[in-house]
Amino acid sequence: MTGATDLTELVDAIRKAPAYRRIEPGLVARLAGAELSKGRTFKEAVKAVRGKLHQVAGAYLADGLELDAWAAELALLSHDRHDPALRAWCQSKMSQHASTRERLPTLAEFYAQTLAGLGALHSILDLGCGLNPLALPWMNLAPDAAYYGCDLYGDLAGFGDAFRQHLGLGGAVVTSDLTTAIPNQPVQLALALKLIPCLEQLDKTIGSRLLTGVNTEHLLVSFPARSLGGRAKGMGRTYESHFLELTAGQDWQVQRFAFPNELAFLLSRPRMEPA
Ligand SMILES: C[S@@+](CC[C@H](N)C(=O)[O-])C[C@H]1O[C@@H](n2cnc3c(N)ncnc32)[C@H](O)[C@@H]1O
């Protein structure tokens, strides 16, 4: 058996379980290759890669999301993002991903407070979006708004894209691994919500690469203030010092917002004074 055959078989074996089938295949191959090069057996490598993928993405998702059924339900709902029935439906679906579920109690305040100074949004890039496209009705969108997003999960990205289209927004939500490619299209606002700690489990350099690589006027970065199990354990303080390290020496203007479950920072490029 050649190394390449080993790797292909290993990737197929990892992706056989439904929980890992929709994850961006390039990342699965990269992690699988790294395990093989450490001399792990096939079985050990399957276990190690699945464990890492669970930590990075799977742990946040409820089991067995019925995204096709959600798409069918969505088709029967209003296209108006102010419609109460559409908003109630969005909230019920956002409860299926830990990150959006934790934000639900303060969803309206979260976006109203953090984005207050930005006016109507013309373009948004939501990095590692999960189910956050469903929060678009709570953002102040301009009539011509475009929403770009990405996630490691192909099915979440596909669903996010269907929701974007349902609201009549431009843009695209795609499947991608941010540790290998950071989108560089210019936008008014990029979101990196509770994302950096996940990405750093794959690549320790990604936090600073992300902050310098995105082509945006404003970047809303957040960190969880509690673990998935609900314990605070000084997480906010730890992440805040990490954020300060990541932004040291950069010329962003920074505003800080503390919510019960989330610590957020709005980074804005300094305004150029007229000559
Ligand atoms: C903690 S969740 C945050 C989700 C969303 N930003 C929010 O706050 O509601 C992290 C998200 O990033 C995605 N993710 C993890 N690693 C990624 C990677 N390398 N590239 C793209 N997305 C990734 C996961 O699938 C998951 O949806």
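Which residues is Leu-127 in contact with, leaving aside its neighbours within four places in sequence? I opened the notebook with this question, and I note at once that the model is predicted.

**Entry 1: Leu-127**

I located Leu-127 in strand β1, which covers residues 121–127. I then looked up its contacts beyond four places in sequence and found Cys-150, Leu-178, Ala-190, Leu-191, Ala-192 and Leu-195. For Leu-178 I also looked up the separation: its C-alpha atom is 8.0 Å from that of Leu-127, although the two residues are 51 residues apart along the chain. I asked whether Leu-127 is buried or exposed. There are 24 other C-beta atoms within 10 Å of Leu-127, and it is therefore buried, the cut-off being 20 or more.

**Entry 2: the shell around the ligand**

I next turned to the ligand and listed the residues around it, of which there are 23. Those that come nearest are Ala-57, Ser-99, Gly-128, Gly-130 and Leu-193. Which elements each supply at least two residues of this shell? I found α7 (98–103), β2 (141–151) and α10. By residue type, the shell divides into 13 nonpolar, 7 polar and 3 charged residues.

**Entry 3: Lys-194**

I looked up Lys-194 on account of its backbone. Its phi is positive, at about 50 degrees, although Lys-194 is not a glycine. I placed Lys-194 in the loop between β4 and α10. Lys-194 counts as buried because it has 26 C-beta neighbours inside 10 Å.

**Entry 4: helices α5 and α9**

How do helix α5 (residues 67–75) and helix α9 (residues 154–166) pack, and at what angle? I recorded an angle of about 5 degrees, with the axes 10 Å apart. The two helices are therefore roughly parallel to each other, since angles under 35 degrees count as such. On the α5 side, the contact is made by Leu-67, Trp-70, Ala-71 and Leu-74. On the α9 side, I listed Asp-155, Phe-159, Ala-162, Phe-163 and His-166. The residues of this contact divide into 7 nonpolar, 1 polar and 1 charged.

I also looked up Leu-65, which lies in the loop between α4 (42–56) and α5. Leu-65 has 18 other C-beta atoms within 10 Å, so it is partly exposed. Leu-65 and Arg-209 are 144 residues apart in sequence, and their C-alpha atoms are 32 Å apart in space.

**Entry 5: helix α8 and Thr-106**

In helix α8 (residues 107–114), I found these buried residues: Phe-110, Tyr-111 and Thr-114. Seen down the axis of α8, they fall within an arc of 85 degrees, so they line one face of the helix. I recalled the general reason: an α-helix has 3.6 residues a turn, so residues three or four places apart point the same way. The buried residues of α8 pack against α7, β5 (216–224), β6 (253–258) and β7 (262–268).

I then looked up Thr-106, in the loop between α7 and α8. Thr-106 counts as partly exposed because it has 15 C-beta neighbours inside 10 Å. Beyond its neighbours within four places in sequence, Thr-106 is in contact with Phe-259 and Pro-260. I also noted that Thr-106 and Asn-261 are 155 residues apart along the chain, while 9.0 Å separates their C-alpha atoms.

**Entry 6: helix α11 and Thr-247**

Which residues of helix α11 (residues 206–213) are buried? I listed Ile-206, Gly-207, Leu-210 and Leu-211. They lie on the same side of α11 because they cover an arc of only 130 degrees around the axis. What covers them includes β4 (187–193), α10 (196–199) and α12 (235–247).

From α12 I chose Thr-247, which is found in that helix. Leaving aside neighbours within four places in sequence, I found Thr-247 in contact with Leu-211, Trp-252 and Val-254. Leu-211 is thus listed both among the buried residues of α11 and among the contacts of Thr-247. I also looked up Ser-208: its C-alpha atom is separated by 7.6 Å from that of Thr-247, with their places 39 residues apart along the chain. Thr-247 has 18 other C-beta atoms within 10 Å, so it is partly exposed.

Conventions. Residues numbered from 1 in each chain as written. Predicted model: local features only at pLDDT ≥ 70, side-chain atom pairs only at ≥ 80, totals over all residues. Buried ≥ 20, exposed ≤ 12 C-beta atoms within 10 Å, placed from the backbone. Helix = DSSP H or I, 4+ residues; strand = E, 2+ residues; numbered from the N terminus. Arc of directions from axis to C-beta. Contact = placed C-beta atoms within 7 Å. Near = placed C-beta within 6 Å. Nonpolar A, V, L, I, M, F, W, Y, C, P; charged D, E, K, R; others polar. Axes fitted to C-alpha atoms, helices over the stretch in contact; angles between N-to-C directions. Parallel < 35°, antiparallel > 145°, perpendicular 65-115°, else oblique.
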